[in-house]
Amino acid sequence: MSWNWNSHGLPFLPGYTFRDVTKSAFHRSQTLDYRNGYSLPRRPSVGIGQDPLLSDELIQQEISELSFETPDITYGSFDHSQYENFIPAHVALNKKVLRFYAYFEEDIQFSPEEEYRVRPVVIYYYLEDDSMCIIEPTVENSGIPQGKRLKRQRLPKNEHGVHYQWKDLNLGMDLRVYGVKYHITQCDAFTKEFMESEGIVLNDPEKMPVDPYSKHRKNLQPSFTTPSEFDSMQQFLTMDRKVLRFFALWDDVDSLYGETRPVTIQYYLVDDTVEIREVHESNSGRDPFPVLMRRQRLPKKIKSETFPTCVLEVSKEEVDEFYSPKDFQVGETIKLLGRRFLLCDCDGFTKDYYQKNHPDVTMKPIETPKKVDMLQERKKVVPPYNGFGSLEDSLQNCLSLIPEPPKKNVQKMLENDHKVLRYSAKLDSQIPADESRRFILSYFLSNDMISIFEKPTRNSGIIGGKFLEKTRIHKPGSTVEHPEFYAPADFAIGATVEVFSHRFVLTDADHYVLTYLESNSSQIPSQTLDSLRQKFGVETANNQPADQNGENNIAEPSS
């Protein structure tokens, strides 16, 4: 800092300093500097307006004298004693906590065994900020949510905004916090020493009361049980993997849509357990869960009659008697877990076991009525043919839910491939316009299908061409269950073929038809062969030139 006054013996007081009127520069020197892109402080070397600094004008001896100079004038008494260093409260009282032991009573409702419970807690008071924390010690397997009941905070004392202080705490008092009354009984040694050092007299400590429910649990009435003389190890060594099997009927008629179901009851001799399995039948509509009752010991008689009927599990101490092999007699009804089972029969091992160990038990097998399978006995009725599609494809929809294509005779298709029997036919109709219509009926030997082609007739007004697609034609009067289709044996000259309510009369045939039928004469009736021989024999004798010109040859339709 620079000074704008001259040293002419005048004190440095207001009104005794004079400004240099000849001075025109009043700027201050820079105190910040940048090096390598970083701002750094810099101590000024000159004062305001390039005046020299006062620190530069003083010599080192003057600076030392100023530091040790004592004032000549003092006001009041001067205390030469040294003052102690000030320490704030959050530093002096850091980590100093008062600990009190207390309890509160919790009311228990809807319980005949207890009215209240005593729950101990620990109250911590932090001296640094006058905050408190209440923690309940956790008890293993208590089933009660324990731990921190109140987090660290300043607890309100009343409705006027006053908070609890450490002076308000004492032994034997009740501390009310948020509607819960905590009774303080004891404190630790540090808390006692701190309270006495501050002049607070603590009351006499009290004992923590005993929880009546915990005391009742500890002082249970002793139960004296006589040890059993039964040797379970001997039973395991002699009866392991030995099972009694009974065939029974479960009578479930009383339930809604109930019926009698066959089951298998298995009695394990190694541990006297019983398992019931349901006999699953195919297409019964039931889920395949064979285990009706898991393997367990079945109680036959319970000790107390007032025992609740709806429980999750029954212990051994509550059961007076379990089911044994003597209780299972063939021919009688046994009730297991509220269900009635009629024991009809048993296997060979079970019979031998009862003859050796229990000869007094009578075994009377009962013949179970055989359940008639209504689906197998019922005759499947196939609906009549509706005329759409082929007969075989329509029948597959009645046999299965997902129809499959009818099976084909592959060997017949390979042997008779491209073999076709062609016939000339006319339409048997009462309409006069149909008398001049001529058709070519083709019979395919590979798949027994028939196609009909109509010859175009000039000036008839009827368009010729394909009359019927390749399909199998069934005979009139045939049923869907036993269909009869047209075969080459049915196509005689002059025979009538009915195709979907249209009647065709065969008038002529190809010469290959006679050749093929004569090669298979054992399967063809003589009437069909005679009609073809008579037709070709007459035409061959009388109209021999016509054959040469090809007038009797049947034109092949375009397939």
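User: How many bridges join strand S18 to S19?
Analyst: This is a predicted model, where local features need pLDDT of at least 70, side-chain atom pairs count only at pLDDT 80 or more, and totals for chains, interfaces and linings use all residues. Residues are numbered from 1 along each chain as its sequence is written, and side-chain values use heavy atoms, leaving out hydrogens and water. S18 covers residues 438–444 and runs antiparallel to S19; strands are DSSP runs of E, at least two residues, numbered from the N terminus, and two of them pair if DSSP finds at least two bridges between them. The number joining S18 to S19 is 6.

User: Which residue in S19 is the bridge partner of Phe 444?
Analyst: S19 takes in residues 449–454. There, Phe 444 is matched with Met 449.

User: Is Ser 451 buried or exposed?
Analyst: Ser 451 sits in strand S19. Among the residues it touches (heavy atoms within 4.5 Å), leaving aside those up to four places away in sequence, are Phe 444 and Leu 468. Its relative accessible area is 14%, and the cut-offs are under 20% for buried, over 50% for exposed and partly exposed in between, using a 1.4 Å probe and protein chains only. So Ser 451 is buried.

User: Which strands stand at the edges of the sheet?
Analyst: The open sheet has 6 strands with antiparallel pairing, ordered S20-S19-S18-S17-S22-S21. Two of them have a single partner strand each, so one side of each lacks a neighbour in the sheet: S20 (465–471) and S21 (496–499).

Note on methods
Helix = DSSP H or I, 4+ residues; strand = E, 2+ residues; numbered from the N terminus.
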